[in-house]
Amino acid sequence: MEPLIRVQGLHFSYVSGAGQTVPALRGIDLEVAAGEHIALIGPNGSGKSTLARLLNALLLPTEGRILVKGMDTADPACRQAIRQTVGLVFQNPETQFVATVVEEEVAFGPENLGVPEAELRTRVEWALRVTGLSELRHRSPAHLSGGQKQRLALAGILAMRPEVLILDEATSMLDPAGRRAVREIVATLHAAGLTVISITQAMEEAAEAQRVIVLHEGRIALDGPPSVVFSEPERLYALGLDLPPMVHLARMLHARVPSFPSVVLTPPEMVAALCEHVRRRTP
Amino acid sequence: MIPLIEVRDLHYTYLPGTPLETEALRGVNLVVYPGEIVGLIGPTGSGKSTLLQHLNGLLRPQAGQVLVAGQDLSHPQTDLRAVRRRVGLLFQNPEDQLFERYVADDVAYGPLQYGLPREEVRERVRRAMLAAGLPPEVYADRPTFSLSTGEKRRVALAGVLALEPQVLVLDEPLAGLDPAGRKLLASLLAHWCAQEGRAIVWASHSMDEIARLADRVYLLAEGRVVREATPRELFAEPELLAAYGLEVPAVTWVLQELARAGLRVRTDVLILEEARETLLELLR
């Protein structure tokens with residue numbers, strides 16, 4: 001089956017303020033299948049955000065190519081369809097709000113695509129409901145809280161009916177409740193079939209993905225399920241990364257109690273593993 | 001001990017007398033003593049940023065008092081520029097505000113604005129860069145644009161340190177940094193704070209950070225201090241935190257869940273190393 005996204009021999013260089021060419025990506029080959037939930041991690045400056053912008057044709061490859069559902073991002077005729085297919089949510093969404101009312105902000109994208117009125121209404125209603133903003137539809141975006149603004153940005157993208165959602169550190173400035181709300185919305189959408197690529201510096205968040213891709217100096221250093229990627233602490237430390245806290249804890253316990261698993265990814269899994277271990281030991 | 005900062009019954013309202021009037025602070029009391037890292041947590045809109053801006057005189061109290069080393073900031077005769085040298089404020093993503101072409105020039109900007117002699121400025125820049133983990137011989141002449149996010153943030157920190165403040169006020173200092181960058185900056189800040197007569201006010205949405213680094217915590221909600229406690233006391237109250245949309249650190253949550261399931265474990269654990277001890281007893 002043709003993957004949803006295919007990246008082949010991708011190189012990308014920026015031109016700095018001083019006119020120098022700075023390579024950001026140096027040879028990326030990657031396939032993303034429909035329905036995957038991927039965490040893209042890597043140290044600051046490793047090329048994560050650049051890759052995200054290339055995937056929805058905000059930037060174009062210096063070398064190599066990117067196909068989204070077979071459409072080449074370098075082909076101007078495909079650009080609109082690609083941006084509709086791959087939605088991108090950034091860290092500070094308010095810098096991009098254009099409308100003065102929440103529901104108009106959500107309608108802005110699809111309206112520009114010429115979505116017919118009836119369909120537009122359905123989409124806006126759905127996006128507001130999914131993100132829990134129905135009650136705030138007549139508010140001004142400027143008067144929303146940080147978490148609400150981020151959900152509004154998400155609603156605006158969802159109204160475009162994307163097949164891939166890329167979150168570029170979208171929850172890093174939110175309070176715990178705001179972060180949880182966005183993560184739950186994304187989990188629901190993923191369960192309904194949306195492909196999700198989440199860029200994050202929170203290892204505990206990466207531990208919840210199905211696949212973890214580690215970028216380092218513009219190349220893919222590791223790519224696999226979190227249980228495999230996070231079983232190589234030395235490698236991760238060398239890349240400026242860390243283990244998720246639960247993996248740390250599992251390794252500490254495993255070192256002294258070998259029958260305890262050495263990889264436990266999330267807090268609920270840790271609770272279950274500990275209960276299970278105690279139950280098995282007590283007759 | 002004399003507090004470095006004392007906030008008494010502080011009130012602040014944005015756009016008073018207009019339809020957009022918002023009460024941001026409704027009677028906040030807070031003290032910061034030398035030698036401590038004071039954590040400040042609270043949901044979005046709790047008034048944290050408004051409070052931080054009062055601590056170095058960016059905002060003047062509308063009612064109540066802010067005392068910095070005994071100087072009352074609401075007093076019209078108080079020299080706010082002198083206060084800002086004593087209390088250094090580092091905003092969120094401060095690296096976005098670097099503007100000089102070379103690192104050392106950016107760090108020197110503040111002290112030069114205060115009209116300090118060149119020789120003194122040079123020495124301060126050197127000390128500040130060292131404290132921010134930027135050895136001058138490596139970084140002084142580096143163009144700021146060529147640095148990583150973590151390095152840029154430490155340049156911004158050095159710019160504040162060059163004013164030689166006694167108190168650092170930090171708003172999400174580690175957010176957006178990679179794990180290695182977070183670890184380095186956290187240890188530099190803790191080291192800075194350990195010198196005599198200094199203190200840090202550390203606002204964060206990361207409960208793990210607060211659990212690991214803060215000596216005392218203020219929980220702010222709806223413009224009021226809801227609780228002042230040590231992290232250990234505070235995180236023993238998961239219901240209180242949940243009521244304000246906050247949470248306990250992941251490791252604390254695990255142990256509290258085990259206790260709810262009837263297992264005998266310590267539930268006041270804040271960091272992994274503590275969890276390890278009590279869990280090994282359970283597993284043995």
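Q: Why is helix H3 of chain A called oblique to helix H4 of chain A?
A: In this predicted model, the axes of H3(A) (residues 102-112) and H4(A) (residues 117-130) cross at roughly 130 degrees. Angles over 145 count as roughly antiparallel, and 65 to 115 as roughly perpendicular. The crossing angle fits neither class, so H3(A) is oblique to H4(A). The two axes come within 10 Å. The crossing is right-handed.

Q: What makes the contact of H3(A) with H4(A)?
A: H3(A) supplies A:Glu103, A:Val106, A:Ala107, A:Pro110 and A:Glu111. From H4(A) come A:Leu120, A:Arg123, A:Val124, A:Ala127 and A:Leu128. By class, these residues are 7 nonpolar, no polar and 3 charged.

Q: How do you know that chain A touches chain B, and which helices of chain A take part?
A: Residues count as in contact if their C-beta atoms lie within 7 Å. By that test, 39 residues of chain A are in contact with 37 residues of chain B. Helices H5, H6, H7, H10 and H11 of chain A each supply at least two residues of that side. The side of chain A holds 21 nonpolar, 13 polar and 5 charged residues.

Q: Why is chain B called as compact as a globular protein of its length?
A: The globule rule gives 19 Å for 284 residues. The radius of gyration of chain B is 20 Å, close to that value, so the description holds. Chain B has 12 helices and 10 strands. Its C-alpha trace spans about 65 × 50 × 40 Å along the principal axes.

Q: What share of chain B is buried?
A: Buried residues make up 44% of its 284 residues. Each has 20 or more other C-beta atoms within 10 Å of its own.

Definitions and conventions
Residues numbered from 1 in each chain as written. Chains lettered and ligands numbered in written order. Predicted model: local features only at pLDDT ≥ 70, side-chain atom pairs only at ≥ 80, totals over all residues. Axes fitted to C-alpha atoms, helices over the stretch in contact; angles between N-to-C directions. Helix = DSSP H or I, 4+ residues; strand = E, 2+ residues; numbered from the N terminus. Parallel < 35°, antiparallel > 145°, perpendicular 65-115°, else oblique. Left-handed = near helix turned anticlockwise from the far one by under 90°. Contact = placed C-beta atoms within 7 Å. Nonpolar A, V, L, I, M, F, W, Y, C, P; charged D, E, K, R; others polar. Rg over C-alpha atoms; globule rule 2.2 N^0.38 Å. Buried ≥ 20, exposed ≤ 12 C-beta atoms within 10 Å, placed from the backbone.
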